[in-house]
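Subject: Structure handover

Hello,

Here is the structure we talked about. Please look through it alongside the notes that follow.

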Amino acid sequence: IILAPMAASAMEYQHKIEVKDMAFSWSVDDQKISVQLTAKTTGWVGIGFDPENAMQGANIIIGAVKGDKFKVEDHYGDRKRGHSSDEKLGGKNDVMDAAGHEKDGVTTISFSIPLKTDDKWDKTIVVDQPMKIMLSYGAGKDSFKTRHPYRTVLEVNLSTGENKKIK
């Protein structure tokens, strides 16, 4: 018997937040956060941890699916209205266990990232107190340069799942 790796979408997540046409599901352990983002779009989906001024300062993970291929990248909010890949900035892509699929106009990506890295373009993800989380998705195009028709900012305790919308 050949065992295939478990599909990312089959993972049971500890917490889930649903916002306009988008869902953020996650689980945390003492080393990493495992995330699934789903949005009613054929464009990209993204999450930003701890933004300071709009996108600036956020540890951003963004992903897109085209056919049977997907890409999930580690970015940093290097300006108020934009971001660059950690690799372009001289850091590294800390995304692990990435997966993605698109079906019936819904894009889903999943990944894990360490709670703490030695990359200066990543922030430590604090799980036991409220943290600003930015959720967004792009419309129709898989280019990470296209603007988002939807974005929201929540304050989330990643340990308990408690959350409130702040923008």
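**Strand S2 and its partners**

All of strand S2 (residues 22-28) is covered: seven of its seven residues are buried, so the rest of the structure largely encloses it. Keep in mind that this is a predicted model.

Both faces of S2 are buried. Met 22, Phe 24, Trp 26 and Val 28 point one way, while Ala 23, Ser 25 and Ser 27 point the other way, and all are buried. In a regular strand, side chains alternate between the two faces of the sheet.

S2 has pairing on record with S1 and with S3. With strand S1 (residues 15-19), S2 pairs antiparallel over five bridges. Lys 16 has Ser 25 in S2 as its bridge partner. The S1-S2 connection is a hairpin with two residues between the strands, and Asp 21 in that turn has a positive phi of about 55°. With S3, S2 runs antiparallel and is joined by seven bridges. There, Ala 23 has Thr 38 in S3 as its bridge partner. This connection is also a hairpin, through three residues.

Two aromatic pairs were counted in the model. One of them is Phe 24 with Trp 26, a stacked pair at 4.4 Å centre to centre with 20° between the planes. Phe 24 and Trp 26 are both buried.

**Overall make-up**

The protein chain has zero helices and twelve strands. Of its 167 residues, 49% count as buried.

**The seven-stranded sheet**

Seven strands make an open sheet with antiparallel pairing, in the order S7-S6-S5-S4-S10-S11-S12. Strand S7 (82-85) and strand S12 (163-165) stand at the edges; each has a single partner strand, so one side of each lacks a neighbour in the sheet. From one strand to the next, the twist averages 30°.

Which strand in this sheet is mostly covered? It is S5, with seven of its eight residues buried. S5 pairs with S4 in the antiparallel sense over five bridges. Gly 48 stands opposite Ile 60 in S5. S5 also runs antiparallel to strand S6 (residues 69-79), joined by eight bridges. On that side, Ile 60 stands opposite His 75 in S6. Ile 60 therefore has a listed partner in S4's neighbour pairing and in S6. The hairpin of S5 and S6 has two residues between the strands, and Gly 67 takes a positive phi near 65° there.

Further along the order, strand S10 (residues 131-137) and strand S11 (residues 150-156) run antiparallel, joined by seven bridges. Met 134 has Val 153 in S11 as its bridge partner.

**The cavity**

How many cavities of 30 Å³ or more does the count give? The count comes to one. The largest cavity has a volume of about 40 Å³. Its lining is made up of Asn 59, Ile 61, Asp 74, Asp 94, Ile 113, Pro 114, Thr 117, Asp 122, Lys 123 and Ile 125. Strand S5 (59-66) and strand S9 (106-114) are the elements that give two or more residues to this lining. By type, the lining residues divide into four nonpolar, two polar and four charged.

**Loops worth a look**

Most residues other than glycine have a negative phi. Ala 54 has a phi near 55°, a positive value in a residue other than glycine. Ala 54 sits in the loop between S4 and S5. With a relative accessible area of 18%, Ala 54 is buried.

Asp 104 also has a positive phi, of about 50°, although it is not a glycine. Asp 104 lies in the loop between strand S8 (96-103) and S9. Is Asp 104 buried or exposed? At 74% relative accessibility, Asp 104 counts as exposed.

Thr 42 is in the loop between strand S3 (32-39) and strand S4 (45-49). At 33% relative accessibility, Thr 42 counts as partly exposed. Thr 42 and Glu 102 are 60 residues apart in sequence, yet 7.1 Å apart in space, C-alpha to C-alpha.

Best regards

Key. Residues are numbered from 1 along each chain as its sequence is written. This is a predicted model: local features need pLDDT of at least 70, side-chain atom pairs count only at pLDDT 80 or more; totals for chains, interfaces and linings use all residues. Side-chain values use heavy atoms; hydrogens and water are left out. On a 1 Å grid over the protein atoms alone, a cavity is a set of points where a 1.4 Å probe fits but cannot get out, and a pocket is an open set with protein on both sides within 12 Å along at least five of seven lines; lining residues have an atom within 4 Å of a point. Grid points are joined across faces, edges and corners, and a volume is the space filled by probe spheres set on the points. Helices (H or I, at least four residues) and strands (E, at least two) are DSSP runs, numbered from the N terminus. Ala, Val, Leu, Ile, Met, Phe, Trp, Tyr, Cys and Pro count as nonpolar, Asp, Glu, Lys and Arg as charged, and the others, Gly among them, as polar. Two strands pair if DSSP finds at least two bridges between them. Axes are lines fitted to C-alpha atoms, for helices over the stretch in contact, and angles run from 0 to 180 degrees between N-to-C directions. Buried means under 20% relative accessible area, exposed over 50%, partly exposed in between (1.4 Å probe, protein chains only). Rings of Phe, Tyr and Trp (its six-membered ring) pair if their centres lie within 6.5 Å; planes under 30 degrees apart count as stacked, over 60 as edge-to-face and the rest as tilted.
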